Amino acid sequence: MYESLRKGREIHKVPFCTEHGISGRTFDRDIEKIRLFLSEEYSGEDVQYHFDRGSYQIPSSGEGGTLSLLELQIIAKILKSDQVLEKGEYEGLMRSLQSVAEKGEREEARKFVLNEMGQYEEKTGMKAFMKLLGDLLKCITDQNIIRLKLKEGCEKQSQVKFFPVAVEYHFSGFYLLGYRPEEEQELVAFELDEIDSFQMTLQKYGKEILARYSYQEGKELLKNLEEQRRKD
């Protein structure tokens, strides 16, 4: 059972019990033993039950999809230095990274992650970032027109109708890039910290607007914005 789960296979209780001649109680006991073993190994893995399929599986188990300790440390240091995440978001992401550390380095990874989480300090007034980022990326994929509500003092208009086409990272912040309906040819950008919230409309913009955007144009715009801020 353990070897099958480690290889990423799904196990269905009744067929497995029939094939191996064991009772349902024995099956349940073996599952709990495996769960206990994984927790004591600090692997970050667990046996999960899929209600929709009626099967047991260790998610992301198998040979692929692992990070070396050095790779984990590099990602963690970048995340900590930029401080774009809430403390809770940072800790959740760090635990996810720990769960895919290479088997022989998992104890070292666990100690490193605990130390990094203890040192992380979020910016004052930090709001949930990952949910906002995820929702904006979904709107870009679906080509949804949105209405941005900007924080007080960011711009004369507190409400902005917007065609979002990309989210890019520049220096120490993420930016939402896109076009306004009244100025479709001019690419504009808002730092995610400037956005208080946004509302998705029932309208969609055309593929030609999404195709108009280029990564290089976006980076050039963000570079110019950064230079302007330094002058101010």
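A residue is termed buried when its relative accessible area is under 20%, exposed when over 50%, and partly exposed in between. By this scale Asp 142 is partly exposed, because its relative accessibility is 26%. The values reported here were computed from a predicted model.

The protein contains nine helices and eight strands. The C-alpha trace spans about 70 × 40 × 30 Å along its principal axes. The radius of gyration is 23 Å, whereas a compact globule of 232 residues would have a value near 17 Å. Of the 232 residues, 39% are buried. Among contacts with a separation of 6 or more, 63% join residues that are 24 or more positions apart. The exposed surface of the protein amounts to about 13900 Å², of which carbon and sulfur atoms supply 51%.

In soluble globular proteins, nonpolar side chains tend to be buried together. In the present model, the largest nonpolar core holds 33 residues. The members that touch the most other members of this core are Leu 72, Tyr 90, Met 94, Leu 148, Phe 162, Leu 176 and Leu 192. Both helices and strands contribute: at least two core residues come from each of the helices H4, H5 (87-99), H6 (106-119) and H7 (130-142), and from each of the strands E4 (144-150), E5 (159-170) and E7 (183-191). Helix H7 gives the most to this core, namely five residues. A second core, separate from the largest one, has 14 residues, including Ala 166, Tyr 175, Tyr 205 and Ile 209.

Nonpolar side chains also appear at the surface. Leu 70, Ile 74 and Ile 78 make a nonpolar surface patch of about 290 Å². Ile 74 belongs to helix H4, which covers residues 69-82. Ile 74 counts as partly exposed because its relative accessibility is 45%. Helix H4 also supplies at least two residues of the largest nonpolar core.

The structure holds 11 salt bridges. Two of them lie in helix H7. In one, the side chains of Asp 135 and Lys 131 meet with an N to O distance of 2.6 Å. These two residues are four residues apart in helix H7, about one turn of the helix. Lys 131 counts as exposed, at 55% relative accessibility, and Asp 135 as partly exposed, at 28%. In the other, Lys 138 pairs with Asp 142, and the closest N and O atoms are 2.4 Å apart. Lys 138 and Asp 142 are separated by about one helical turn, because they stand four residues apart in helix H7.

Helix H6 holds a salt bridge between the side chains of Arg 110 and Glu 107, at 2.7 Å from N to O. Arg 110 and Glu 107 are three residues apart in helix H6, about one turn of the helix. Arg 110 is buried, because its relative accessible area is 19%, whereas Glu 107, at 31% relative accessibility, is partly exposed. Elsewhere in the chain, Glu 32, Arg 35 and Asp 46 are linked in a network of salt bridges.

Key
Residues numbered from 1 in each chain as written. Predicted model: local features only at pLDDT ≥ 70, side-chain atom pairs only at ≥ 80, totals over all residues. Heavy atoms only, no water. Patch = residues over 30% accessible without salt bridge, like charges linked within 9 Å, V, L, I, M, F, W, Y side chains within 5 Å. Areas by Shrake-Rupley, 256 points an atom, 1.4 Å probe, with all protein chains shown as cover. Salt bridge = Lys/Arg side-chain N within 4 Å of Asp/Glu carboxyl O. Buried < 20%, exposed > 50% of the residue type's maximum accessible area, 1.4 Å probe, protein only. Core = buried A, V, L, I, M, F, W, Y, C linked by side-chain atoms within 4.5 Å. Rg over C-alpha atoms; globule rule 2.2 N^0.38 Å. Contact = heavy atoms within 4.5 Å.
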